Amino acid sequence: MKLYILIFLSLLAAQVNAQLTISGRVISASDKTGLPGSTVKLLGAGSGISTDKSGYFKLTVPGNTQLSLRISFVGFVTCDTTISLPLEKPLEIALHEDATALKEVVVSTGYQDVSKVRATGSFVKVDNELLNRRVSTDVLTRIEDVAPGLIFNRGKGAGTNDISIRGRASISAATSRPLIVLDNFPYEADLSTINPNDVESITILKDAAAASIWGARAGNGVIVITTKKAGYNRPLRVSFNSNITLGEKPDLFYQPVMSAADFIEVEKSLFSKNYYKSRETSVSKAPLTPVVELLIAKRDGRLSAEDADARIEALKEQDIRNDFKKYFYRQRVNRQYSFSLNGGNEIQNYFISAGYDKNTESLVGNDFSRFTFNASNTFSLLKNRLELRAGILYSQTKEIADNPGTGAGVIYMISPSSSFQLPYARLADENGNPLAVVKNYRDSFIESTAQTGLLNWEYKPLEEISLADNKDRSTDYRLNAALKYKIADGLNAEIIYQYSRHIDDTRNFRSEQTYYTRDLINKYSIVNASGSIERPVPLGGVLDQTNASGYGYNIRPQISYGKDWHSTHRLDVLAGYEERKQEDQSNVYRLYGYDDVHASSTAVDYVNFYKMYYYPGSTAKIPYIDSNTGLSDRNRSYYANAAYSYLGRYTLSGSGRLDRSNLFGVNTNQKGVPLWSAGFAWNASDEDFYSMTWLPYLKLRATYGYNGNVDKSLSAYTTAYYYSNDPNTQLPYATIQNPPNPELRWEKIKIVNLGLDFQSRNAVFSGTVEYYLKKGIDLIGTTPYAPSTGITTFTGNYANTRGNGVDVNLTARIFDRKFKWYTDFLFSVAKDKVTHYDIQAEKSSYLSLADGGGVYPIEGKPLFSVYSYRWAGLDPETGDPQGYVNGEVSKDYAAIASSSTVDDLVYNGPARPTVFGSFRNTFSWRNITLSANITYRLGYYFKRASVNYTTVLRGEGGHGDYALRWQKKGDELYTQVPSMPAVNNVNRNNFYANAEQLVEKGDHIRLQDINLSYNLNERLLKQSSLRLAQVYVYANNAGIIWKRYSGKLDPDYAVAAAPPAFTLAAGIKVEF
Amino acid sequence: MKQYFIALIIGLAVMFSGCEKGFLDAKPNKALLVPETLSDLQALLDNSLNLMNQAPCMNLIADGDFTTTPDILQGAWSAAERNSYTWAGDMYEGENAFDWNILYQQVFYANVVLEGLDKIDVTPANSEEWNRVKGSALFYRAVAFFFLSQEFAVPYVEETAGVEPGIPIRTSADVNIKSERGTLQHTYDQILADLKEAEGLVSLIVSVKTRPSRAAVSSMMARVYLVMGKYDEAGKSAADCLNSNSSLIDYNTLDTTQSLSFPYFMQYGNVELIYYTEAIGTWFFLSGGSPVSEDLFSSYDASDLRKSVYFTASRVYKGSYLGTYYQFSGTAIDEMFLIRAECFARTGDVASALADLNMLLENRYKKGSFTAITGSDAGEILNRVIEERRKELVARGLRWSDLRRLNSDARFAKTITREVNGVSYVLSPGDNKYTFPLPEAEVKISGLQQNPR
């Protein structure tokens, strides 16, 4: 064998002697950068070659004087050229972009870059232009409403940046989020540390073939963020981007609440029934509202009737929301500056950027600022055989949270333990001087302490803003190094390493002047008979510090091989090993009697109980909050994937990954069943028999495979938590965390994906249609256990789900001349249902929490669903709400609650949108571009809040529907809000709160945002030697265009205090 | 050159990847441990205040010795707490039954420890510790079963114990084994078997009274036999216990002006305390708003120090042997004297019974004011012992068991009545309400037979 090869090589060598070598470079006509991987073909000879990473090529040619070359590159117009030998200088061939051709889209999986043309899986790429359409401080919101299948969950229970890709396959919240990858490695730090200006593109991996390389982490999809890099042989480029965003104050009047007048009327009526009598003599000094205090003073003759009534009437005019709006909120101002440099020569390239963000939040006293620094340098050595890359990503953020928020106006009752907002409380007097509001204790009690020597016990919310000193500083940096060696043509060995570290320090210093500290000191104070005061909680401030830090490393050696055999066969293989370690630790500690000037503090007694000054009947220890945690996450994975294409028409792909982690027990680690996928793609339009000339590109794809998910809170072993000392014995002790679960394993999500990609002639329209089927197997779920086992619930691989849906992405170029009108239409259907779940919760949980407040799955229903009681309207005689018992109209609320089972409830529908997408139109004329994104969410339900007489009859106010209640016969024709009962009936309230008529359809269409930009024209650019100059204006949260539900609420924000406020941004971008 | 770089890459890969063994064995959370050493197992048993030294609380509210107001009941921390007071049929209203859940959690811990021990070889070096841990685990399990039997199974009667349902006896940590009630006899057999085995294993002396000593095992056996009506054995066990230590606190030495009469036991000790366990905290007691019943309060003589040691002038209890606001439910020397005295009286040894009773009371009365009890009528003496039991052991989690045991004897049978918000509640001797219902989840999942109410 060896011998034949030698003979073959020597024959080749013999031929070479009769030939010449020409060299040159292929560049893009528009920006003069090299086009790596373009094909240079010698016509008539069949021989050809690909250009290198800078666009250079060397080609051996026969010694003819005239040669014809064909130079081609995907996305560019193929160029034929004739050259005469010998060449005087190296060739430079400029290719023009082909606006109508299929763009060579390269997507990143975090392991490799894949050409979309050859991909079998489901990828969505959000490119730089689309990312920059939005103006935001964080990067993730920029993919909102521009990627099919991806939705930002809103409504009940949804967190910030709560993303679902093709619905939620997991039951447990701990596993339900997509994996986020920054460049090559999972990113688990706070996403707000990433500067969006450093991001080049974002790729979303949706199906098994795309994501299974991420194995046990990919079950809910993967989001790969790719940062900007430089290129070889590029002159220095400098770019600058700055913008300012102004945001309105939130609409505090969004959620209707009972008016001050109604509130006061109820208080007066309760007072007349002696409702407050017991609280007047409360041993715990329970607070009473100003109106009740006035009524008491009037009753006791301490205040004349006219005087008291006049003051009460005056309070009816007051609305605390006005005060909040005036004193607690301001216009939000976000400023963003970013600056970057990049360039490169033959052997080296670099990218350096710096960014600064400063957000003045709408709550007075709250601020966010961020500084980021990003640098990377790449060297190409040993005649391009060795590439070395080193980089740093640094970010520092500071968050100030001094504003107590609107909770500042809340009154707390200790018994019955409840709290409520007083609608007529005042934060400041006419001159803006802070006023005290009722909070934890009765006014008379606070007054009585004035002479005792205790600290002032008044609470003035407005003062608290300036007294607060609550900061969070965090630093995050990542050091990257990569080494890539070309062993042979197409065969590369590579090793990538990342070291990351983050430090997050929260410091909340509450000085002796703050209410929190004064209250704490006073509560524990002991006033002796002699008048001296003992203070178990010492004078001085309370300092809470949380110091969290962590470090981690990732290392990934991998080998890749890619070869093209005469454009007939193409093979790409990748195999590697990855090791990941992340160690985090945090400690929380508190110092009492803290003096910020001298950094001194005082020891306190955490052991003994102290009588509460305000209520000697109760005792408490001094709060001890110190704690330490240490977490360790270790993973080892082995992965490989391969793709083979024949004639560029048929592509077969396969991928597998084996994960081992310190979470799984030995069983799962050693059983070694890899998560895998397989896919097939057929470029039908390349077939000889393909004749649809109007549709020059048509590709069909199909994939099948498994992704996984890990719940880090679980372990396969009987695990216990160690505590340093038992309060009694001072001995170390341990508690059992979970009973052994030797079968614990990752969740498995089986995904089938069918796709169709197409593009018409001249790219008038193009798009992708996909259908998928998702099956969640062995999902982490909780099942109830008999308490006699020692546990009441057990969490393990119990549940199954099934989902399916469609993702459509269509682009049309309606006008494509001087005036351009492009339309992007995104349409997704995402349906899911739970197919196996053991636990049956209380019926009340399904009614009040299954719509997102918690996870209460019912087999056969979507994970988040809205359930309700059947509604039979109001009783025309009494205004009582009516339901059904055994099919009969009934007002027996206890029977309604107890007789019906979960199956008897009305299932209204899913609580999360099942159909969603966007409709984005971009118009451009000359240098002006206008783009507006209209989004829609359909096929879901929400339950709106209404009046609950429990709080009303406790004198704690409630929902604004109170004003619409049934009051007299005939009102039932206009209202569905029940009458106020004389005596509170909890069952009646619960029935109404969960009755069908409060369920609304969520379907709506909104104008999400508008971007208007103006680019300086070519001539002016040339004159000013600029590459790009752009000014832009961006408006976000523009408003709802249409909604099915007729009320005032925004269906996506039905339970929020207020929907996101309208913001307007303006910015400038310059590049030279 | 090429080979050099390949070697470099492989070398780097190996260097960074830290091929150290045990990379995947690191604990995901530092505070997390897989209990496998003797000290890990001991640490589980030392989970004192949160679990292993907790005793049931419902019986203390239900036993009639303390009264309260509707306000306190309204503020109760659980439905079980509120409903215990009126012996309601539905005790839990869908909420957790803490008494049941916490005690079975103790059983689970004990079983985890016992199974963990099976995986640790006994060597001469560790045998003492190994035995101690095993004996402790058996003891905790027995105590948990005993407490459970006092609330959730009918009172022990030897003749019917073979047919009456007991409480689920779980001897394995495997949570997948289904619970069955078994017979009442089986319940008591297991309790005694565990205690007997523990007796030979635990240490003679312990450093902290949260752990069981030999005396603790005897004292608990005395309690169990007494409840079973096996007075010979009860007396013998109490004697075993008293042989090792019979010190009594002279109540004359206590400062009754303090808000708590006894000093904090962990810091200052309490010579009478044999084994520490305390009742699960309730608002009923911790609110300080539930005074002792008038009849019990007035039953103390003027010269009886217990009146002022145990209660404030407003009848609020302040006499916990723990020196805290929590109710002591463990065993103590005074209880052993009373058990032995009762057993002597029941077996006709009047002199010995009187000796024990006088020994105790001498330390309870004002110095010089106590005249020793005399007499020869065993019944009369027994009557006095029973009376002193109630007065001495108030708020110790014993009254409920005593009521259950003594109600079958017409001489001692009691009817308890209460009034809340104008509604009267009555608990007659032999009432089904002397046995609390099982938690609903238990009946639903394990399919256990519910107790009639």
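How far apart do the C-alpha centres of domain 1 of chain A and domain 2 of chain A lie? The answer is 85 Å. Keep in mind that this is a predicted model. As for where those two domains sit in the sequence, the domain assignment of chain A puts domain 1 at 17-95, while domain 2 comes in two pieces, 260-318 and 405-467.

Let's stay with chain A for a moment. Its C-alpha trace spans about 120 × 70 × 70 Å along the principal axes. A compact globule of 1072 residues would have a radius of gyration near 31 Å, and chain A, at 34 Å, agrees with that. Chain A holds 17 helices and 53 strands. Of its 1072 residues, 39% count as buried. If you take the contacts in chain A with a separation of 6 or more, 69% of them join residues 24 or more positions apart.

How much can you trust what you see? Chain A averages a pLDDT of 88, and 95% of its residues score at least 70. Among the elements of chain A, strand β48 (residues 928-938) has the highest mean pLDDT, 97, and helix α1 (residues 2-16) the lowest, 41. In fact, pLDDT stays under 50 over residues 1-17 of chain A, and the model has one contact beyond four places in sequence for that stretch. Where pLDDT is low, the predicted coordinates should not be read in detail. Chain B averages a pLDDT of 91, with 94% of the residues at 70 or above. For the complex, the predictor gives an ipTM of 0.86 and a pTM of 0.80.

Now zoom in on one residue of chain A. A:Lys523 sits in helix α11 (residues 515-524) of chain A. Is A:Lys523 buried or exposed? A:Lys523 is buried, because 22 other C-beta atoms lie within 10 Å and the cut-off for being buried is 20 or more. Leaving out residues up to four places away in sequence, A:Lys523 touches A:Met612, A:Tyr613 and A:Tyr614. For A:Pro1051, 528 residues along the chain from A:Lys523, the C-alpha separation is 44 Å.

Next, the nonpolar cores. In soluble globular proteins, nonpolar side chains tend to be buried together. Here the largest nonpolar core has 123 residues, and those with the most contacts inside it are B:Leu44, B:Tyr109, B:Phe139 and B:Ala142. Helix α8 (residues 127-152) of chain B gives the most to this core, namely 13 residues. Take B:Phe139: setting aside its neighbours within four places in sequence, its contacts are B:Leu195, B:Ala198, B:Val202, B:Pro212, B:Ala216 and B:Val217. There is also a second, separate core of 89 residues, which includes A:Ala209, A:Trp746, A:Tyr936 and A:Leu998.

Helix α8 turns up again around helix α19 (residues 399-406) of chain B. In α19, B:Arg399, B:Trp400, B:Ser401, B:Leu403 and B:Arg404 are buried. What covers these buried residues includes α4 (58-62), α8, α10 (214-228) and α18 (378-392) of chain B.

Finally, look at where the chains meet. The contact takes 57 residues from chain A and 55 residues from chain B. On the side of chain B that touches chain A, at least two residues each come from α1 (2-17), β1 (32-33), α2 (38-45), α3 (48-52), α7 (98-118) and α20 (440-446) of chain B. Sorted by class, that side of chain B has 32 nonpolar, 15 polar and eight charged residues.

Technical notes:
Residues numbered from 1 in each chain as written. Chains lettered and ligands numbered in written order. Predicted model: local features only at pLDDT ≥ 70, side-chain atom pairs only at ≥ 80, totals over all residues. Core = buried A, V, L, I, M, F, W, Y, C linked by C-beta atoms within 7 Å. Buried ≥ 20, exposed ≤ 12 C-beta atoms within 10 Å, placed from the backbone. Helix = DSSP H or I, 4+ residues; strand = E, 2+ residues; numbered from the N terminus. Contact = placed C-beta atoms within 7 Å. Nonpolar A, V, L, I, M, F, W, Y, C, P; charged D, E, K, R; others polar. Domains from an automatic or database assignment. pLDDT = per-residue confidence, 0-100. Rg over C-alpha atoms; globule rule 2.2 N^0.38 Å.
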